[in-house]
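The following report describes a two-chain model in terms of its fold, its helix packing and its interface.

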Amino acid sequence: MSEHMKLYEVFIRSRRGLDHKHVGSLHAEDPKQALEYARDIYTRRSEGVSIWVINSSDITASQEGDCDSFYDPHDDKPYRHATHYQLPKAVNNM
Amino acid sequence: MSVMKYAIRLGDDAVVLGHRLSEWCSFGPFLEEDLALTNVALDFIGRARMFYSYAAELAGDGSTEDTYAYTRDNREFTNLLIHELKNGDFAFTMVRQYFVDVYTLAYMQQLQKSSDQTLAAIADKVVKESRYHLRRSYDWMLRLGDGTEESNRRMQEAVENLWGYVPEMFEMDDLERELAEAGIGVDAAALENDWYATVRATLAQANLKEPVGDWSIRGGREGTHTEALGHILSDMQFVQRAYPGLQW
């Protein structure tokens, strides 16, 4: 059955959390059912106060093969990192 | 004494259906539903524990919740028959669940008003769970009733095979009448019209036909059961029967 069902990604905001965090995925027929199952699978020990589900196919993800072009150039620009700058002595610890 | 018996009845309803549902564990149609169904089973077992513990407290004879679940025989169980029926296919399990959920939610909403504080408190907790159970079983009624030709056929069959177990849910004996009049128990007979109205509407919505209803069966509250209950008990009570008093 599950091969005909859609895959959903589940995001949960915990009691004290400020943002929804990805917790996993599940199969369901539609978003409504996905929400029900998310409640059963991911919030059994009162992990959350709010759940989002989203069709996995609606996520556009970066590809691992694109790493070179995506992230490497940043390494050539050390000035984008705070550690690049020397603190004046007066500041001491920041 | 009568409140104790009443609590045992409600505990019996819950433990028997809880055990039935737990039989689906690892056999669910797919992982997500397997987990959800097992969750529901656990709710029923938890409910049984609350009713049994209260009965044990009232009995005051050293009985515990386990005494009721594990050491009573077939004829001493007083659950409504619909709870003990074999799971059948998933359609049968879900139609039974829907019938029970509609009933239980209405029943427990009345029990919340009980003058018995403990029963009312248990009902408070049960109502919350039941709302969720009903949302699930109602959803499956529509999905499978109004699904494929095969799912519709299986659901229709389940409805036909369960219909005769419904009247028993609204029949009351002396004990229940006495408790209802005293404001402790629920007047189950008064829930009948609403139950049929709700279920008829859902059947129509789910593309299912209401059965003719020319048979009905009863006896659970007096301890007269279908053969299905013995099979549950042999499974559920095996360890305590083989090793009485065993703990772990």
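Helices (H or I, at least four residues) and strands (E, at least two) are DSSP runs, numbered from the N terminus. Axes are lines fitted to C-alpha atoms, for helices over the stretch in contact, and angles run from 0 to 180 degrees between N-to-C directions. The model is predicted: local features need pLDDT of at least 70 and side-chain atom pairs count only at pLDDT 80 or more, while totals for chains, interfaces and linings use all residues. Residues are numbered from 1 along each chain as its sequence is written, with chains lettered from A and ligands numbered from 1 in the order in which they are written.

In chain B, helix α1 (residues 2–22) packs against helix α9 (residues 227–236) at an angle of about 75°, and their axes are 11 Å apart. α1(B) and α9(B) are therefore roughly perpendicular to each other (65 to 115 degrees, with under 35 roughly parallel, over 145 roughly antiparallel and the rest oblique). Contact here requires C-beta atoms, placed from the backbone, within 7 Å. On the α1(B) side, B:Val16, B:His19 and B:Arg20 meet B:Leu229, B:Ile232 and B:Met236 of α9(B). These residues comprise four nonpolar, one polar and one charged; Ala, Val, Leu, Ile, Met, Phe, Trp, Tyr, Cys and Pro count as nonpolar, Asp, Glu, Lys and Arg as charged, and the others, Gly among them, as polar.

Between the chains, nine residues of chain B touch ten residues of chain A. On the chain B side, the elements giving two or more residues are α2 (31–59) and α5 (117–145). The largest share, five residues, comes from α2(B). By class, this side of chain B has five nonpolar, one polar and three charged residues.

Chain A contains two helices and three strands, in the order β-β-α-β-α from the N terminus. Its radius of gyration (over C-alpha atoms) is 21 Å, well over the 12 Å that the globule rule gives for 94 residues, so chain A is more spread out than a compact globule; the rule is 2.2 Å times the number of residues to the power 0.38. Buried residues make up 15% of the 94 residues in chain A.

Two residues of chain B other than glycine have positive phi values. A residue is buried if 20 or more other C-beta atoms lie within 10 Å of its own, exposed if 12 or fewer, and partly exposed in between.

| Residue | Phi | Loop (chain B) | C-beta neighbours inside 10 Å | Class |
|---|---|---|---|---|
| B:Ser26 | near 75° | between α1 and α2 | 8 | exposed |
| B:Asn207 | near 65° | between α8 (192–205) and α9 | 15 | partly exposed |

Conventions:
Two residues are in contact if their C-beta atoms, placed from the backbone, lie within 7 Å.
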